[in-house]
Amino acid sequence: MSAIDYDLRKIRAVAFDVDGVLSPSTIPLSPEGEPLRMVSIKDGYAIQLAVKCGLHLAIITGGNTKAVKVRFEGLGMTDIFMGAAHKLPVLQEWMERLNLTPDEVAYVGDDIPDLRPLRHVGLSCCPYDAAAEVRAICRYVSRFTGGYGVGRDILEQILKARGQWMHEHQAFGW
């Protein structure tokens, strides 16, 4: 049984913010001023499995660093939108291109720039340490903080509802 109060079998796509969701909200800087990010290996496992299982996944982030693109492309994601100052138009275009209705989409965000996309989808999700304004409107607040398993939490529940978690041989490898 899922902790998410939503018919997860409807979900065909999930869009993620990065900073504060798939990486912690505290970001060290390199000596050159480049933001460095930590990522969860467990999030990575769930992302690559979700891609193999046919879920459409996207990154929609205001950040614009090569490491983020390399990381998520390496997990099989192809829809990576960097430097998105306004995320809702990017989300809408992605949904239109994939012929997705709002009730088929989950969005995971943690801060003020994510409010508009969160309101546009059927399943709005956030980490436990998201901004109060975000937590107030999200249908699901993960028990995990940003960067420490939020992606895995949400994708695992969706894949279980679809009967795709630990179902085929593809679940047991990278």
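User: In this predicted model, which residues does Gln-157 touch, leaving out those up to four places away in sequence?

Analyst: Gln-157 touches Ser-2, Ala-3, Ile-4, Leu-8 and Tyr-140. The residue itself lies in helix 6, which spans residues 150–161.

User: Why is Gln-157 called buried?

Analyst: The term requires a relative accessible area under 20%. Gln-157 has a relative accessibility of 11%, and therefore it counts as buried.

User: What makes the pair Gln-157 and Asp-153 a polar contact?

Analyst: The limit for such a pair of N or O atoms is 3.5 Å. The side chains of Gln-157 and Asp-153 are joined at 2.8 Å, so the pair falls within that limit.

User: What makes one side of helix 3 the buried side?

Analyst: In helix 3, residues 87–97, the buried residues are Lys-87, Leu-88, Val-90, Leu-91, Trp-94 and Met-95. These residues cover an arc of only 160° around the axis, and therefore they lie on the same side of the helix. A general rule of helix geometry is relevant here: an α-helix has 3.6 residues a turn, so residues three or four places apart point the same way. On the other side of helix 3, the exposed residues are Glu-93, Glu-96 and Arg-97.

User: What do the buried residues of helix 3 pack against?

Analyst: They pack against strand 1 (13–16), strand 2 (56–60), strand 3 (79–81) and strand 4 (105–108), and also against helix 4 (115–120).

User: What is notable about the phi of Asn-99?

Analyst: Asn-99 follows helix 3 and belongs to the loop between helix 3 and strand 4. Its phi is near 55°, which is a positive value in a residue other than glycine. By way of background, most residues other than glycine have a negative phi.

User: Is Asn-99 buried or exposed, and what value decides the matter?

Analyst: The term exposed applies over 50%. Asn-99 has a relative accessible area of 63%, so it is exposed.

User: How do you know which strands are the edges of the sheet?

Analyst: The sheet is open and is formed by six strands in the order 3-2-1-4-5-6, with parallel pairing. Strand 3 and strand 6 (140–141) each pair on one side only, and these are the edge strands. Helix 3 packs on this sheet and touches strand 1, strand 2, strand 3 and strand 4, while its direction makes about 160° with that of strand 2.

User: What makes strand 5 and strand 6 count as a pair?

Analyst: Pairing requires at least two bridges between the strands. Strand 5, residues 123–126, is joined to strand 6 by two bridges, and the two strands run parallel. The requirement is therefore met. Cys-126 has Val-141 as its bridge partner in strand 6.

User: How many bridges support the pairing of strand 4 with strand 5, and how many that of strand 1 with strand 2?

Analyst: Strand 4 and strand 5 pair in the parallel sense over three bridges; here Tyr-107 has Ser-124 as its bridge partner in strand 5. Strand 1 and strand 2 pair in the parallel sense over four bridges, and Ala-13 has His-56 as its bridge partner in strand 2.

User: Why are both faces of strand 5 said to be covered?

Analyst: Leu-123 and Cys-125 on one side are buried, as are Ser-124 and Cys-126 on the other. For Cys-126 the relative accessibility is 0%, so this residue counts as buried. As for strand 2, four of its five residues are buried, and it is described as mostly covered.

User: Why are Cys-126 and Cys-138 not called a disulfide?

Analyst: The rule requires two cysteine sulfur atoms within 2.5 Å. The closest cysteine sulfur to that of Cys-126 is in Cys-138, at 3.7 Å, and this is too far for a bond. For Cys-53, the closest cysteine sulfur is in Cys-125, at 18 Å, which is also too far. The count of disulfides by this rule is zero.

User: Where is Cys-138 found, and which residues does it contact beyond four places in sequence?

Analyst: Cys-138 is in the loop between helix 5 (132–137) and strand 6. Its contacts are Leu-118, Ser-124, Cys-125 and Cys-126. From Cys-138 to Leu-123 the separation is 15 residues in sequence and 7.8 Å in space, C-alpha to C-alpha.

User: Why do Cys-138 and Cys-53 count as buried?

Analyst: The relative accessibility is 11% for Cys-138 and 10% for Cys-53. The cut-off is under 20%, and therefore Cys-138 and Cys-53 count as buried.

Notes:
Residues numbered from 1 in each chain as written. Predicted model: local features only at pLDDT ≥ 70, side-chain atom pairs only at ≥ 80, totals over all residues. Heavy atoms only, no water. Buried < 20%, exposed > 50% of the residue type's maximum accessible area, 1.4 Å probe, protein only. Arc of directions from axis to C-beta. Contact = heavy atoms within 4.5 Å. Polar contact = N/O pair within 3.5 Å; in protein donor to acceptor, adjacent residues only side chain to side chain. Axes fitted to C-alpha atoms, helices over the stretch in contact; angles between N-to-C directions.
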